[in-house]
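Good morning, colleagues. Please have the sequence and the structure open before you, as I shall refer to them throughout.

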Amino acid sequence: MKRRNFIKTAGAAGLGITAASRIMANPLFKPSYMTKNYPVAVATWNFQNATRKAGELLYQGTSALDAVEQGVRVEESNLKNTTVGDGGAPDRDGNVTLDACIMNPEGNAGSVAYLKHIAHPVSVARKVMEETPHVMLVGEGALQFALQNGFEKKDLLTKESEKAWKEWLKEKEYKPIINIENHDTIGMLCLDENGDMAGACTTSGLAYKMNGRVGDSPIIGAGLFVDNEIGGATATGMGEAVMKSVGSFLVVELMRQGKSPQQACEEAVKRIVGKNSNYNDFQVGFIAMNKQGDIGSYCIHGGFSYAKYYKGESTNTKSDSFLRD
Ligand code: SD4
């Protein structure tokens, strides 16, 4: 039996056939699976400038793909944000290397990793998606491709990031920082007025990572996954744990099996907790959205939140967490 028919039948059985059919015949009756909570833009952390930008575009009729790209670019440009784009913290050797990806409603994807000197890796990722036969370009090749496509080459290491890195060099102690200044990687999902979904994820990765390290954020299925039939998910936190669980793909598949966005995020986090005995030492957070625009989020440690723009209102919502702080 199809799920919708099952829901109708089960509902009818519970209420009694006559009462249920009377309710369903009412023109104002809207079963929950038909509720449209969109256009909407949602992003990891309190990145409300980014969701506001994307959301306003969505309400002007912009496509999910254009809105999500423009939305995350706000944080890529933000020099005060040391975890994304220009001004991002460098690796141990002082290189700022950026990771980003994007997916459109058709299920196409583009990605760049270990990209130096380009302030907007998400836009390079989009070009990879739209203008090459490939999904992912890395390092020198990604930079070459970006320059060939007119992106400006610039030094992304700010004075502040350089100073903080030099301070770090004194001890060279490497341990993941949970909830960096309460913001981190930006992963965003947009659902446009046609009900089509696109997503993007962009980061400078873990501060003081090893030279050459790539995290989950540019990996399709790990840092981001969108299936326009079901919904999308995106991740933040310790990329290694997200990659090993193919986290965002897992969340979307759990939604496909009937879980709500919230239940799917919880299950994915619990799976990571179950497989990593050191989960106390790192953060992972997911956000997810289904095709109705319902949103869920869950993380290991408290402190994670998600930003949302819906019907002219910008909000930041605290995420529930596995560990109670
Ligand atoms: C990474 N997930 O590179 C990203 C960055 C992040 O806490 O979210 N760091 O692993």
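**The annotated active site and the ligand**

I begin with Thr185, which sits in the loop that runs between helix H7 (159-171) and strand S5 (186-191). Please bear in mind that we are looking at a predicted model. The UniProt record, an unreviewed entry, assigns the feature "active site" to Thr185.

Is Thr185 buried or exposed? With a relative accessible area of 5%, Thr185 is buried, because the limit for that class is under 20%. Its contacts beyond four places in sequence include Thr44, Trp45, Phe47, Thr83 and Val84. Also among them are Cys201, Thr202, Thr203, Ser217, Ala235 and Thr236.

Let us now turn to the ligand. Which residues surround the ligand? The shell consists of Asp184, Thr185, Thr203, Gly205, Leu206, Arg213, Gly215, Asp216, Ser217, Thr236, Gly237 and Gly239. By character, the shell residues divide into 8 polar, 3 charged and 1 nonpolar.

Three side chains deserve individual mention. Asp184 places a polar side-chain atom 2.9 Å from a nitrogen atom of the ligand. For Asp216, the distance from a polar side-chain atom to a nitrogen atom of the ligand is 2.7 Å. At Thr236, an N or O atom of the side chain is 3.2 Å from an oxygen atom of the ligand. How much of the ligand's accessible area does the protein cover? On its own the ligand has 290 Å² of accessible area, and the protein covers 98% of it.

**The annotated binding site**

The same unreviewed UniProt entry also carries the feature "binding site". According to that record, the feature falls at Arg213, Val214, Gly215, Asp216, Thr236, Gly237, Met238 and Gly239. I shall take two of these residues in turn.

Val214 belongs to the loop between strand S6 (197-203) and strand S7 (224-227). Its relative accessibility is 24%, so Val214 counts as partly exposed, the class between 20% and 50%. Setting aside residues up to four places away in sequence, Val214 touches Asp99, Ala113, Tyr114, Ile219 and Met243.

Gly239, by contrast, is part of helix H8, which comprises residues 239-245. Gly239 is buried, since its relative accessible area is 0%. Beyond its neighbours within four places in sequence, Gly239 is in contact with Arg213 and Asp216. Both Arg213 and Asp216 appear in the shell around the ligand, and the UniProt record lists both under "binding site".

**Three further positions**

I should like to move on to Gln48, which is located in helix H3 (residues 48-59). Gln48 has a relative accessible area of 18% and is therefore buried, given the limit of under 20%. What does the side chain of Gln48 pair with? One polar contact, of 2.6 Å, links it to the side chain of Ser314. Another polar contact, of 2.8 Å, joins the side chains of Gln48 and Asn46. Not counting residues up to four places away, Gln48 touches Ala307, Ser314, Thr315 and Asn316.

Next is Thr35, in the loop between helix H2 (17-25) and strand S1 (40-44). At a relative accessible area of 29%, Thr35 is partly exposed. Thr35 and Gln292 are 257 residues apart along the chain, and their C-alpha atoms are separated by 6.1 Å.

Finally, Glu229 lies in the loop between S7 and strand S8 (231-237). Its relative accessibility is 65%, which is why Glu229 counts as exposed, the threshold being over 50%. Apart from its neighbours within four places in sequence, Glu229 is in contact with Arg256 and Lys291. The C-alpha atom of Glu229 is 9.6 Å from that of Glu106, a residue 123 positions away along the chain.

**The protein as a whole**

I close with the overall figures. The secondary structure comprises 10 helices and 13 strands. The protein has 325 residues, of which 55% count as buried. Among contacts with a separation of 6 or more, 66% are between residues 24 or more positions apart. The accessible surface of the protein is about 14,800 Å², and carbon and sulfur atoms account for 50% of it.

Note on methods:
Residues numbered from 1 in each chain as written. Predicted model: local features only at pLDDT ≥ 70, side-chain atom pairs only at ≥ 80, totals over all residues. Heavy atoms only, no water. Near = heavy atom within 4 Å. Polar contact = N/O pair within 3.5 Å; in protein donor to acceptor, adjacent residues only side chain to side chain. Areas by Shrake-Rupley, 256 points an atom, 1.4 Å probe, with all protein chains shown as cover. Nonpolar A, V, L, I, M, F, W, Y, C, P; charged D, E, K, R; others polar. UniProt positions renumbered as here; feature names shortened; annotations may be inferred. Helix = DSSP H or I, 4+ residues; strand = E, 2+ residues; numbered from the N terminus. Buried < 20%, exposed > 50% of the residue type's maximum accessible area, 1.4 Å probe, protein only. Contact = heavy atoms within 4.5 Å.
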